Amino acid sequence: MTRLVLASASPARRAVLRAAGIEPIVRVSDVDEDAVAAALPADTGPRDIVVELARAKARAVAATLAGSGPGPDEDLVVVGCDSMLLIGDELQGKPHTAEVAQARWQAMAGNNADLLTGHCVLRLCSGAVTAEAFDCSATTVHFGKPDPAELDAYIATGEPLRVAGAFTLDGLGGWFVDRIDGDPSSVVGIGLPLLRRLLQEVGVGIDRLWADGRA
């Protein structure tokens, strides 16, 4: 039996895992994402940036579990993720303000962009990290053209201020996504196909995560 620890407070990521039959243990990393990104070499590519952010989150949570986490003798996998929208050659994170969200949507409306999600999986046995796997998924999102009243109302909800790229696929923002090319779960924030492959790399099959009856 293996338990999955999600290094994220994201309810969307948690919902994806729950719908797929896994009840994760949630531990928030509190990693300073801006500081991690700023410390990377200047020539670090967009895919590598989101992967390194995911690794930082997973490692921070693994460190808290090593000696005092839930069941230190338990077999655990810690999953860290980080999503950013690539518009042109510039990564976009959470807007945080209505003004930034408005500007993002002016660039996104009627166009497409790549949603990059870095994933990192750490396996812990008896409190020690025994294996690590990481990679990035990329999904192309084709955006519609909300009219000004729709966009103002959407931004006023606060939803786009709190999410990477200023939109959601599984929430109110889904009205303004015409289609995607790639994995929809990755756009929500945690890609099941990639996560399954990374779990296999650290020696954990999905059946081990289902086996404890919490699904």
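Two residues are in contact when they have heavy atoms within 4.5 Å of each other. Keep that in mind for the tour. You're looking at a predicted model, where local features need pLDDT of at least 70, side-chain atom pairs count only at pLDDT 80 or more, and totals for chains, interfaces and linings use all residues. Residues are numbered from 1 along each chain as its sequence is written, and side-chain values use heavy atoms, with hydrogens and water left out.

**Stop 1: D75**

Select D75, found in strand β3; strands (E, at least two residues) and helices (H or I, at least four) are DSSP runs, numbered from the N terminus. D75 has 12% relative accessibility, so it counts as buried (under 20% relative accessible area; exposed is over 50% and partly exposed lies in between, with a 1.4 Å probe and protein chains only).

Which residues does D75 touch, not counting those up to four places away in sequence? Show M1, T2, R3, R123, L124, C125 and R208. Now look at the side chains: D75 has a polar contact of 2.7 Å with R123 and another of 3.1 Å with R208. A polar contact is a pair of N or O atoms within 3.5 Å; within protein, one must be able to donate a hydrogen and the other to accept it, and residues adjacent in sequence count only if both atoms are side-chain atoms.

**Stop 2: strand β5**

Next, select residues 112–125, which make up strand β5. Eleven of its 14 residues are buried, so β5 is largely enclosed by the rest of the structure. What does β5 pair with? β3 joins it in the antiparallel sense over twelve bridges, and β6 (residues 128–143) does so in the antiparallel sense over 14 bridges. Strands pair if DSSP finds at least two bridges between them.

To see the partners, pick S83, which stands opposite T117 in β5, then D114, which stands opposite T140 in β6. Finish at the hairpin of β5 and β6: two residues sit between the strands, and S126 takes a positive phi near 50°.

**Stop 3: L53**

Jump to L53 in helix α3. Is L53 buried or exposed? Its relative accessible area is 2%, so L53 is buried. Leaving aside neighbours within four places in sequence, L53 is in contact with E33, V36, A37, D82 and M84. Add V31 to your selection as well: V31 and L53 are 22 residues apart in sequence, and their C-alpha atoms are 8.5 Å apart in space.
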